[in-house]
Amino acid sequence: MSALLEVRGLNVVFSGFHAITDLDFTLQAGELRFLIGPNGAGKTTLIDVITGLTKPASGSVRFAGEDLAGKREYKIVRAGVGRTFQTSVVFDELSVLDNLDLAAGFRRRMTGLLRRRHGISDDVASALDTIGLGDLADRPAGVLSHGQRQWLEIGMLVVQRPRLLLLDEPVAGMSRDERDRTGELMQSVAKDHTVLVVEHDMAFLRRFASTVTVLHEGRLLCEGTVAEVQADPRVQEVYLGRKERV
Amino acid sequence: MLSPFRLDLLGKYLCYAIVAVGISLAWGRGGMLTLGQGVFFGLGGYAMGMHLKLQDGELPDFMSWSGVEELPLLWKPFANPVFALAMVIVLPVLVATLLGLLVFRQRVRGAYFAVLSQALAAAFVILLIGQQGLTGGTNGLTNFQYFFGLDLYEDADRRILYLVTALILGASYLSVRQLVRSRYGQLLVAIRDGEDRVRFLGYDPALVKTVAFAVSAGLAGIAGALFVPLVGLLSPANLGIVASLELLVGVAIGGRYSLAGAVAGALLFNYAKTIFSEQWPDGWLYVQGALFVAVMVWAPRGLAGLSHQFRDALSSRRKVEVQA
């Protein structure tokens, strides 16, 4: 079976600064993969390239056998790649339900959009259930807490049934309880999705990760289970050993 | 009953209110600050004016004054009423669609879009004035006798015309209200508040915005077409930068987020303009400026948004009390 996501020989340069250098990266269907590395390692840049926000200088990104290079962002989403951002963006003036409905309807044609929403589709109901915001369904998203906003964002991804989910620091700024709930939510989503998570939080990583990829200064440093990565002296030197005890 | 003179003015306000419905959609919901609605108002108006000038089968008066002896090719199809009526909507919608796809794809937005739309209004006026023989130049189109069988000098016939205008305003209001409440309306608000996020939900924001912009242009075109028989005159002064701004100011004062606020704002603003200009001709500009500044500073959501603002103020005060 071929990989779901294949990145080959990727180079990204921002006005002279090499954000990513000769990166090869492979993700199999069904994986839950963590992407870690110190600041400036190129984690978010990699996600930006996959989703079409940043154009690479060279190299290829193939998703399910399809080349994503040069595609517009919304077409990449329609191909089945969904992402969240570090700062959660939900639509404050719309209700929680309408936020989910908006996300669910991304394949609707213009004529379908001209109708009002009546009732709740099964997909939306199940996403609402997954993220546990049923009680707040009719409240405007503006009243949600930071954690709830992130869950709503994840719900908005899930309801689109993407083949690959990219989560950019989903637990940043969250309380301990919120982190745990996010981790559980992520694991339940990972049961039937391929998920790539960028994360800084080491406790979160130890608790919820199985395979980890470490980036350092735009290059791939190593890849393996949490234990293998923790044992790798290079990783300890550039990242873990310096700042945090593993 | 209003005197015929007042009724004339009311008809004009109704036209501006139709434009306001469109501006409320594009600006209030879609976040597109369009300072060039006069262009679309003008396209619809000239399409109608050209037809009305051709109704008696003679060469339009201004052409003979500028030495044009034969009807220009551009004018010929406008003798056909169906063609002219279609152009009233097609021309502004087409221009807005092309412009929208071009600039929204390039992610031109905010102040840049506003400046661009204003430049368009300036360019349109220069074009109209430059083509004296084709457009009537600075004087524009005047002297209309008939409007689809209605005699524009008969009070009874004019009353029918106001009624038609009022009905069209009502229909525009209801259609746009439906649009705003649909999923499309929610999508438009979502794009206003987070265009990039919407892009990553798999929608093409450029397309969604273009539709709203084109609808607002179409409404402005219809309003322009009704303005011509109601006012009996259409000249570049009715659709230049200043005129385009005035179309917007009424909406800002009434409240751009509320469709009803936008309509009421346009009606009140233009009524105030008439009253003030009659009493104190030089003062109006100052009043208009002061009014606009006052609304922007104290009621950024407009008059219709005052209750919303009040509620916000109350709830934030309550929050402070709870914390204290």
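1. A quick word on terms before we start: two strands count as paired if DSSP finds at least two bridges between them. Please also keep in mind that this is a predicted model.

2. With that in hand, have a look at strand E1 of chain A, which covers residues 5–14. Its antiparallel partner E2(A), residues 17–27, is joined to E1(A) over 7 bridges. Within this pairing, Val7(A) has Phe25(A) of E2(A) as its bridge partner.

3. The link from E1(A) to E2(A) is a hairpin, with 2 residues between the strands. You may like to check the turn itself, where Ser15(A) has a positive phi of about 30°.

4. E1(A) also pairs with strand E4 of chain A, residues 58–63. This pairing is antiparallel too, and it runs over 5 bridges. Val7(A) turns up here again, with Val61(A) as its bridge partner in E4(A). Val7(A) therefore makes a handy landmark when you follow the sheet by eye: look for Phe25(A) in E2(A) and Val61(A) in E4(A).

5. Now over to the largest pocket, whose volume is about 360 Å³. Its lining is made up of 17 residues, and those nearest the centre are Leu43(B), Tyr46(B), Met50(B), Leu74(B) and Leu128(B). Four helices of chain B each give two or more residues to this lining: H2 (37–53), H4 (81–105), H5 (110–130) and H6 (132–135). H2(B) gives the most, with 4 residues.

6. What is the character of the lining of the largest pocket, nonpolar, polar or charged? The residues divide into 15 nonpolar and 2 polar, with no charged ones.

How values were computed:
Residues numbered from 1 in each chain as written. Chains lettered and ligands numbered in written order. Predicted model: local features only at pLDDT ≥ 70, side-chain atom pairs only at ≥ 80, totals over all residues. Heavy atoms only, no water. 1 Å grid on protein atoms, 1.4 Å probe; cavity = no way out; pocket = protein on both sides within 12 Å on 5 of 7 lines; lining within 4 Å. Points joined across faces, edges and corners; volume = space filled by probe spheres on them. Nonpolar A, V, L, I, M, F, W, Y, C, P; charged D, E, K, R; others polar.
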